[in-house]
Amino acid sequence: QAGFDPRRLLATQVNNWGPRFGFAWHAGAKTVVRGGYGIFYSRYPIQYLLQTVAVNPPFAGTFTYSQAIASGVPALTLSAPYSNSGSASVSPAGIQQNFALPYNQQFNFTIDRELGWNTTVTLSYIGNKGTHLFRSINANSAYINPVTNAVVRSYSAAYGTSTINFRESNGDSIYNAMNLELRHRFYKHLIFQGNWAWAKGIDDVGQNVQSALIDAQNLGRDRANSDYVRRHTVNINGVYDLPVGRNQPLLANMPRAIDEVFGGWKAGAIWHYATGRFLTPACASAGGLSNTRPDVVYGIQANLNADRRTANEWFNPAGFACVPANDPITGLPRFGNAGRNTIIGPGTNYMDGNIAKVIPLGSERRTLTLRVEAFNLLNHPNYANPNVTISTATTVATITSVLRPMREVQFVARFAF
């Protein structure tokens, strides 16, 4: 009756092919050029399939019956278990008939250049395009009939205002990034590596496939900066053999006893910096067409300059307003006009460091390692995301926790034998 193949719920796919291509070109004595392209498929997680198929009647559902007996005759019997006095609550789920496996086209282009002094620089372009990505809509969400201006739901006759969670595979994404890396192999007591990624990602899916998009009639409203992409990310790490002690440039002739204390130390550090993720404002209660997305207040910039952001006010909540039940101009309910992921969240900035020394104890098999480790060495606060619920006036835009603790120092002694 629904038009499906009786042997299967989804149409069979026969064109999921994934070619890969790569090349490397030695362009001179100190330069190498590389590139590649490939198509990679993902499977639909079984838990999502169970959430769409196994929750439908007769496999699942909540039904309430009210039994009554009049003059010794029951209103409900085994032969006639249904009655007008009963009620049923069903929130079905569905899946797109031509549901397709998602795939990513991954492509990159890299230039490596040797600079001398055991140092190499790499400049890369990295791209990723996602197609047929999973996403959900409420197929029974409210919308305005363009002819009658009435608030209607597509399946209200059968399911009232119940949510119909419908899974589709028509989402897409695009990711572009530049990556610059500098590597220094061990030379002059030093080894280090540093990289900087400058990236942008756009999608209309989000991280949580369970969350329905705001407007089932206009899915493009949720196309925005990707949840998971940080605009800038920097990582630098290195190890330095301190040139102090016997057979070293500094204090090479110190007595052996003093060398056991001051010689042979290594210092290492890792620094990580990343700009914040993108966040979506919301209201605590659903307004307009049963959604929590607020309005933008034009003329007021919600994102503050970096020097004005604090834990007490990370963004300006006056830049948003909750949607009224009915638009004061049209008199009709509507969705909030704020976009998805319009707030820039806190970034991360921390350095971990250590100094260590290995002391031989009579043989190579017996050693004592002494190490001092410091986490978040610069004692920089790394905030969690702020409260983005606009309607909570006392706590909106505030931050109450950190992602990493403040500076911690520990001393380690390790005996190996």
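**Exercise 1. Which strand is D112 found in, and is the residue buried or exposed?**

Bear in mind as you work through these that the model is predicted.

Step 1: Find the element. D112 sits in strand β8, which covers residues 103–116.

Step 2: Check the accessibility. D112 comes out at 13% relative accessibility. Buried means under 20%, so D112 counts as buried.

Step 3: Look at who is around. Setting aside residues up to four places away in sequence, D112 touches K30, T31, V32, R34, V121, T122 and R183.

Step 4: Pick out the polar partner. The side chain of D112 makes a polar contact with the side chain of T122, at 2.3 Å.

**Exercise 2. Work out where T31 lies and what its side chain contacts.**

Step 1: Place the residue. T31 belongs to strand β2, residues 31–41.

Step 2: Judge the burial. Its relative accessibility is 12%, and because the cut-off for buried is under 20%, T31 is buried.

Step 3: List the neighbours. Leaving out those within four places in sequence, T31 is in contact with W25, H26, I111, D112 and R113.

Step 4: Find the polar contact. The T31 side chain meets the side chain of R113 at 2.6 Å.

**Exercise 3. Trace the pairing of β2 with β1 and with β8.**

Step 1: Start with β1. Strand β1 (residues 20–26) pairs with β2 in the antiparallel sense, over seven bridges. To pin down the register, take W25: its bridge partner in β2 is V33.

Step 2: Inspect the turn. β1 and β2 form a hairpin with four residues between them. G28, in that turn, has a positive phi of about 110°.

Step 3: Turn to β8. β2 and β8 also pair in the antiparallel sense, here over 11 bridges. A handy marker is Y37, which stands opposite F107 in β8.

**Exercise 4. Which strands pair with β12, and in what sense, parallel or antiparallel?**

Step 1: Take β7. Strand β7 (residues 93–95) pairs with β12 (residues 165–187) in the parallel sense, over three bridges. Here A93 stands opposite N165 in β12.

Step 2: Take β9. Strand β9 (residues 119–138) runs antiparallel to β12, and 18 bridges join them. T119 stands opposite H184 in β12.

Step 3: Take β13. Strand β13 (residues 190–203) pairs with β12 in the antiparallel sense, over 13 bridges. H184 turns up again here: its bridge partner in β13 is F192.

Step 4: Put H184 in place. H184 has T119 opposite it and F192 as its bridge partner in β13.

Step 5: Look at the link. The hairpin of β12 and β13 has two residues between the strands, and K188 takes a positive phi near 55°.

**Exercise 5. Where are S71 and N149 found, and what is the sign of phi at each?**

Step 1: Recall the background. Most residues other than glycine have a negative phi.

Step 2: Take S71. This residue is not a glycine, yet phi is positive, about 55°. S71 lies in the loop between β4 (69–70) and β5 (73–74). With a relative accessible area of 81%, S71 is exposed.

Step 3: Take N149. Again there is a positive phi, about 60°, on a residue that is not a glycine. N149 is in the loop between β10 (143–144) and β11 (151–152). At 43% relative accessibility, N149 counts as partly exposed.

**Exercise 6. Set sequence separation beside C-alpha distance for F262 with G245 and for D307 with G263.**

Step 1: Locate F262. It is found in helix α3, residues 256–262, and is exposed at 53% relative accessible area.

Step 2: Read the first pair. F262 and G245 are 17 residues apart in sequence and 6.7 Å apart in space, C-alpha to C-alpha.

Step 3: Locate D307. It sits in the loop between β18 (295–296) and β19 (320–321), and its relative accessible area of 70% makes it exposed.

Step 4: Read the second pair. D307 and G263 are 44 residues apart in sequence, with 44 Å between their C-alpha atoms.

**Exercise 7. Describe the largest pocket and its lining.**

Step 1: Get the volume. The largest pocket holds about 630 Å³ of space.

Step 2: Find its centre. Of the 28 lining residues, S211, A212, L213, I214 and R293 are the closest to the centre.

Step 3: Sort the lining by class. There are 10 nonpolar, 13 polar and five charged residues.

Note on methods:
Residues are numbered from 1 along each chain as its sequence is written. This is a predicted model: local features need pLDDT of at least 70, side-chain atom pairs count only at pLDDT 80 or more; totals for chains, interfaces and linings use all residues. Side-chain values use heavy atoms; hydrogens and water are left out. On a 1 Å grid over the protein atoms alone, a cavity is a set of points where a 1.4 Å probe fits but cannot get out, and a pocket is an open set with protein on both sides within 12 Å along at least five of seven lines; lining residues have an atom within 4 Å of a point. Grid points are joined across faces, edges and corners, and a volume is the space filled by probe spheres set on the points. Ala, Val, Leu, Ile, Met, Phe, Trp, Tyr, Cys and Pro count as nonpolar, Asp, Glu, Lys and Arg as charged, and the others, Gly among them, as polar. Two strands pair if DSSP finds at least two bridges between them. Buried means under 20% relative accessible area, exposed over 50%, partly exposed in between (1.4 Å probe, protein chains only). A polar contact is a pair of N or O atoms within 3.5 Å; within protein, one must be able to donate a hydrogen and the other to accept it, and residues adjacent in sequence count only if both atoms are side-chain atoms. Contact means heavy atoms within 4.5 Å.
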